[in-house]
Amino acid sequence: MSKVALVTGGARGIGAAISIALKNAGYTVAANYAGNDEAAEKFTAETGIKTYKWSVADYDACAAGVAQVEADLGPVAVLVNNAGITRDAMFHKMTPQMWKEVIDTNLSGVFNMTHPIWGGMRDRKFGRVINISSINGQKGQAGQANYSAAKAGDLGMTKALAQEGARAGITVNAICPGYIGTEMVRAIDEKVLNERIIPQIPVGRLGEPEEIARCVVFLAAEDAGFITGATITANGGQYFV
Ligand code: NDP
């Protein structure tokens with residue numbers, strides 16, 4: 001039987017590319033999403049991938065969602081923590097609400113999703129947890145104190161959990177995309193994108209969601225078991241750690 005992969009925020013943007021790549025690699029995929037029913041229905045109709053709606057910011061909803069996915073499809077072997085949001089503002093204009101929403105989704109969301117799955121992975125002595133962080137969690141970004149903090153937190157959690165999971169056959173790795181041409185990035189003012197952001201990318205273009213998805217498929221594989229606690233940067237040469 002094929003392994004089950006659960007991708008949060010898996011019906012749009014980078015997550016959709018990840019869901020499709022994992023399906024093409026032979027996994028049975030469940031794609032979680034937050035609220036965009038129309039996009040999720042379209043995604044299922046086009047790909048045949050089942051979608052599940054809950055917020056990763058809500059621990060109880062995550063536990064119930066995981067239980068539902070496992071009842072429908074079987075135990076989750078691969079978890080991709082991809083769901084993420086931005087609420088950008090310079091720090092002096094950032095509200096506590098903007099801070100909280102981003103931390104709740106982008107950082108606590110990784111705890112909320114990984115925690116209900118972790119015990120089963122330990123029992124089965126196999127698991128792959130792949131966290132989608134960001135270049136801005138590595139280098140920090142003005143206007144994104146909340147996002148940079150959450151994404152840097154994801155990298156710390158990745159390294160801690162890698163140590164805890166190692167003896168149980170669970171690898172935990174992170175991917176730090178640079179600027180990828182999804183709705184999240186297309187929402188940036190076009191002038192800023194063309195005059196300030198793209199010129200900073202040595203390859204001279206935005207990345208494609210599929211270029212992140214191929215990193216996920218690599219890390220998810222059974223024979224990637226010696227890679228844990230690692231961060232793959234995929235940013236067109238924009239930043240080196
Ligand atoms: P999009 O905005 O295109 O898609 C975000 C996805 O996350 C959607 O599927 C959305 O669901 C889902 N989502 C948002 N909040 C929640 C929530 N509370 N619970 C469950 N799902 C949620 O984002 P991208 O594809 O661009 O980004 C994907 C990941 O990659 C994010 O973590 C982002 O931070 C990271 N990243 C993106 C970069 C980029 O350049 N695009 C660069 C670096 C990192 P719904 O469809 O229902 O709205």
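Two strands pair if DSSP finds at least two bridges between them. That rule underlies the sheet views below, all drawn from a predicted model.

**View 1. Strands S5 and S6 pair in parallel.**
Strand S5 covers residues 127–132. It is joined to S6 by 6 bridges. One residue to look for in S5's pairing is Ile 130, whose bridge partner in S6 is Asn 173. Strands of a sheet pair through backbone hydrogen bonds, either parallel or antiparallel. Here, S5 and S6 run parallel.

**View 2. Strand S6 is covered on both faces.**
S6 spans residues 170–177. Of its 8 residues, 8 are buried. In a regular strand the side chains alternate between the two faces of the sheet. One side of S6 carries Ile 170, Val 172, Ala 174 and Cys 176. The other carries Thr 171, Asn 173, Ile 175 and Pro 177. Both sets are buried.

**View 3. Strand S7 is joined to S6.**
S7 is made of residues 231–234. Its link to S6 consists of 4 bridges, and the two strands run parallel. Pro 177 has Ala 234 of S7 as its bridge partner.

**View 4. Seven strands make one open sheet.**
The 7 strands follow the order S3-S2-S1-S4-S5-S6-S7. Their pairing is parallel. At the edges are S3 (50–53) and S7, and each of these pairs on one side only. From one strand to the next, the twist averages 20°.

**View 5. Strand S1 is paired with S2 and covered on both faces.**
S1 holds residues 4–7, and S2 holds residues 28–33. The two run parallel, joined by 4 bridges. Ala 5 has Val 29 as its bridge partner in S2. Leu 6 stands opposite Ala 30, also in S2. Val 4 and Leu 6 are on one side of S1, and Ala 5 and Val 7 are on the other. These four residues are all buried.

**View 6. Helices H3 and H4 pack on the sheet.**
H3 lies across S1, S2, S3 and S4 (76–81). It runs at about 155° to S2. H4 touches S4, S5 and S6. The direction of H4 makes about 165° with that of S4.

**View 7. Helices H3 and H4 cross at roughly 45°.**
H3 takes in residues 59–73, and H4 takes in residues 96–124. Their axes come within 9 Å. The crossing angle makes H3 oblique to H4. H3 passes H4 in a right-handed crossing. From H3 come Tyr 59, Cys 62, Ala 63 and Val 66. They meet Asn 112, Met 113, Pro 116 and Ile 117 of H4. The contact has 7 nonpolar residues, 1 polar residue and no charged ones.

**View 8. Helices H4 and H6 pack at an angle of about 20°.**
H6 is formed by residues 145–165. The axes of H4 and H6 are 9 Å apart. Angles under 35 degrees count as roughly parallel, so H4 and H6 are roughly parallel to each other. Their crossing is right-handed. Among the contact residues of H4 are Met 98, Trp 99 and Val 102. Those of H6 include Tyr 147, Lys 151 and Asp 154. By class, the contact of H4 with H6 divides into 9 nonpolar, 3 polar and 2 charged residues.

**View 9. Glu 101 sits in helix H4.**
Glu 101 has 16 C-beta neighbours inside 10 Å, so it counts as partly exposed. Beyond its neighbours within four places in sequence, Glu 101 is in contact with Ile 85 and Arg 87. Thr 86 is 15 residues from Glu 101 in sequence. In space, their C-alpha atoms are 8.7 Å apart.

**View 10. Helices H1 and H9 pack at an angle of about 45°.**
H1 contains residues 13–24, and H9 contains residues 209–220. Their axes are 8 Å apart. H1 and H9 are oblique to each other. The crossing is right-handed. H1 contributes residues including Gly 13, Ile 14 and Leu 22. H9 contributes residues including Pro 209, Glu 210 and Arg 214. The contact of H1 with H9 divides into 12 nonpolar, 1 polar and 2 charged residues.

Conventions
Residues numbered from 1 in each chain as written. Predicted model: local features only at pLDDT ≥ 70, side-chain atom pairs only at ≥ 80, totals over all residues. Buried ≥ 20, exposed ≤ 12 C-beta atoms within 10 Å, placed from the backbone. Axes fitted to C-alpha atoms, helices over the stretch in contact; angles between N-to-C directions. Parallel < 35°, antiparallel > 145°, perpendicular 65-115°, else oblique. Left-handed = near helix turned anticlockwise from the far one by under 90°. Contact = placed C-beta atoms within 7 Å. Nonpolar A, V, L, I, M, F, W, Y, C, P; charged D, E, K, R; others polar.
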